[in-house]
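Biologist: I am new to this one. Please take me through a single part closely, and set it in its surroundings as you go.

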Amino acid sequence: MPKSKQQRQLFYIIPYGIWLVLFVIAPLILLLFQSLTTQNGHFTLQNYATYFASGTYLLMTFNSVWYAFLITIITLVISYPMAYLLNRLKQKHFWLLLVILPTWINLLLKTYAFIGLLSKTGTVNNFIGLMGIAPQQLLFSNWSFLLVAAYIEIPFMILPIFNSLAEINPRLAQASRDLGANQWQTLRRVILPLSMPGIKAGIQAVFIPSLSLFMITRLIGGNRVITLGTAIEEHFLVTQNWRLGSTIGVILIVAMVITMVLTRERARKSSRNRG
Amino acid sequence: MKKLVMGMIGICTIVLILFGTQHYLASKTGTNVSSNKVLNLYNWGDYIDPELLKKFTKETGYKVSYETFDSNEAMYTKIKQGGTSYDLTVPSDYMIQKMKREHLLLPLDHSKLTGLKNYDTRFLNQSFDHNNQYSLPYFWGTLGIIYNDQYINAKDIQHWDDLWSPKFKNQIMLIDSARDALAIALITQDKSVNTKSRADLAAAQAKLTALMPNVKAIIADEIKMYMAQNEAAIAVTYSGEASEALSHNKHLHYVVPSEGSNLWFDNVVMPKTAKHQAAAYAFLNFMSDPKNAAQNAEYIGYATPNKKAKVLLPKAIRQDKQFYPNDQTVKHLQVYDDLGQLWTEKYNDAFLEFKMSQK
């Protein structure tokens with residue numbers, strides 16, 4: 001019973017379509033609807049006015065973006081050389097597996113493990129105690145928050161960069177060297193531009209979730225780092241003002257869309273014409 | 001690809017078989033929901049001695065289906081949305097008031113309650129439920145200060161105002177809750193913890209902000225773990241959390257400042273979704289029985305409102321001033337009222353601004 005190709009394609013689209021409508025489009029519409037209505041269901045922009053008129057929320061937004069930015073930079077600085085190195089190893093897929101392995105463990109468990117490491121009586125303090133240094137306050141600081149957040153996000157940065165580096169034909173680097181470029185020039189002019197899609201994908205994969213991190217802000221940061229995730233949690237759970245919570249949610253989504261647009265793949269044509 | 005598909009099918013089959021087995025076992029032992037000999041209890045996690053549930057089933061024949069929640073708001077949302085059939089649940093004071101106002105609760109028929117006389121009258125007839133029309137107290141407790149005697153002298157930390165002492169720079173862990181944090185500041189300024197005056201709230205926020213240099217972290221349930229591990233010298237938290245922390249570290253002590261604090265209640269109520277009222281009354285009476293209440297209090301470590309049960313507790317618990325403060329202190333304790341949407345948000349905004357004031 002041969003079906004036409006078009007019919008078959010249509011058939012394959014159905015599960016995807018249902019998924020998309022149920023779990024992506026419907027929740028987004030609900031979120032937008034909540035943020036644009038009053039308790040009685042009338043249309044209003046009051047929630048957005050509240051948000052933008054409040055110095056607290058704007059500062060919190062700035063905090064979120066700033067910390068997400070820092071986390072992205074830290075992971076990028078660590079990940080690029082690491083991905084580069086991994087690509088040159090013999091058993092590169094084995095080593096990559098080791099990098100990805102931590103993502104198989106639940107996020108909260110990893111966070112609690114860090115509490116054990118960083119607490120006053122924890123492993124790190126015991127270790128520096130051996131060298132005669134008094135216990136340090138490591139938890140509840142910006143640094144510990146950045147450390148844990150970066151640790152959790154690193155695999156998502158390494159993976160796309162690793163893949164884009166693996167795709168580069170090694171002959172290109174050889175050719176570059178044959179033509180007189182030194183190692184630095186080869187890296188900067190050949191490898192880096194060719195791995196740009198991986199970097200951009202990595203930035204997306206790290207920056208966007210980092211914007212709304214919130215369990216770590218409390219557990220490791222001791223609420224000394226406050227991001228929009230904290231405010232959303234509060235509005236949904238404590239004050240039960242779902243409308244304002246949704247408004248913040250919508251604003252976060254907009255911020256994410258902006259990130260996607262800024263880091264999107266430029267049309268191939270223009271980059272080729274330049275050369 | 002084929003392997004993957006086979007693998008998935010395999011997993012699904014196993015899940016189905018397990019599900020079927022479980023269903024079969026459930027129907028055999030009679031725990032399925034259609035049976036009328038059942039009680040649907042919706043309670044906080046680990047908030048009852050499991051032995052008591054077994055005993056209840058043995059004595060009355062009602063099977064208990066025990067489901068848990070982790071916050072008043074989560075419980076409220078679930079009951080309000082409907083689709084549940086809980087017979088009893090255990091909200092805190094202000095939430096009872098809120099649920100009562102929204103007609104989510106059924107009044108209790110006092111003629112069916114056999115254990116009412118066992119309760120301490122100090123813990124009945126509270127502002128959130130006059131004459132206990134809708135609720136029976138389950139446990140009560142306070143908000144207070146835990147300190148570690150390795151780092152802190154007992155005499156230095158007896159009152160809320162002591163927290164502001166410059167000696168305690170960066171040493172205090174504060175509970176992540178708007179009501180409780182602001183209550184501390186309000187009490188030090190001799191104001192009601194339920195104030196609806198903008199000036200009082202602003203003053204309390206300013207006072208709290210002055211505490212910030214001493215605050216090490218603003219966290220929730222983790223406080224008990226951190227205190228047990230000597231992470232901080234001082235913490236502000238609830239008596240229930242404190243009793244757990246104290247049981248892990250003998251250097252810890254709990255103080256309820258005598259000038260006043262919050263008095264909280266977890267009371268048992270019957271939501272309007274209740275389908276097995278006879279079972280619910282049987283359970284209420286079972287839990288009011290002094291012997292059972294005492295056993296539960298010993299297991300959970302919270303303070304029981306059951307006067308006759310308290311007598312049955314070991315002397316060391318009964319006379320522990322930390323968790324059963326004297327009358328003088330109890331007199332100064334204040335219960336939270338439900339503030340309503342507007343003021344709940346005002347308190348939370350003030351708290352959020354306080355949290356943002358750290359740098």
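Biologist: Start with the chain as a whole: what radius of gyration does chain B have, and what would a compact globule with 359 residues have? Then take a close look at helix 14 of chain B: which of its residues are buried, and what covers them?

Modeller: A word first: this is a predicted model. Now the chain. Chain B has a radius of gyration of 23 Å. A compact globule with 359 residues would come near 21 Å, so the two agree. Along the principal axes, the C-alpha atoms of chain B fill a box of roughly 65 × 65 × 45 Å. Chain B is built from 14 helices and 11 strands. Of its 359 residues, 44% are buried. Take the contacts in chain B with a separation of 6 or more: 76% of them join residues 24 or more positions apart.

The domain assignment splits chain B three ways. Domain 1 is 1-30. Domain 2 is 35-139 + 267-318, and domain 3 is 141-263 + 322-356. The C-alpha centres of domain 1 and domain 2 of chain B are 36 Å apart.

Now your helix. Helix 14 of chain B runs over residues 340-356, which is 17 residues. From first C-alpha to last, helix 14 reaches 24 Å. That is close to the 24 Å expected at 1.5 Å a residue.

Its buried residues are E345(B), K346(B), Y347(B), N348(B), A350(B), F351(B), L352(B), F354(B) and K355(B). Their cover comes from both chains. From chain B it includes helix 5 (178-188), helix 6 (198-211) and strand 7 (215-219). From chain A it includes helix 3 (55-88) and helix 12 (228-237).

That leads to the contact between the chains. Chain A gives 21 residues to it, and chain B gives 20 residues. On the side of chain A that touches chain B, helix 3, helix 11 (215-219) and helix 12 each supply at least two residues. By class, that side of chain A has 9 nonpolar, 8 polar and 4 charged residues.

How far to trust chain A? Its pLDDT averages 88, and 95% of the residues score at least 70. Among its elements, helix 7 (residues 142-167) of chain A has the highest mean pLDDT, 94. Helix 14 (residues 268-274) of chain A has the lowest, 44. Do not confuse that helix with helix 14 of chain B, residues 340-356. Over residues 269-275 of chain A, pLDDT stays under 50. There the model has 1 contact beyond four places in sequence. Where pLDDT is low, predicted coordinates should not be read in detail.

Conventions: Residues numbered from 1 in each chain as written. Chains lettered and ligands numbered in written order. Predicted model: local features only at pLDDT ≥ 70, side-chain atom pairs only at ≥ 80, totals over all residues. Helix = DSSP H or I, 4+ residues; strand = E, 2+ residues; numbered from the N terminus. Rg over C-alpha atoms; globule rule 2.2 N^0.38 Å. Buried ≥ 20, exposed ≤ 12 C-beta atoms within 10 Å, placed from the backbone. Contact = placed C-beta atoms within 7 Å. Expected span 1.5 Å × (residues − 1). Nonpolar A, V, L, I, M, F, W, Y, C, P; charged D, E, K, R; others polar. Domains from an automatic or database assignment. pLDDT = per-residue confidence, 0-100.
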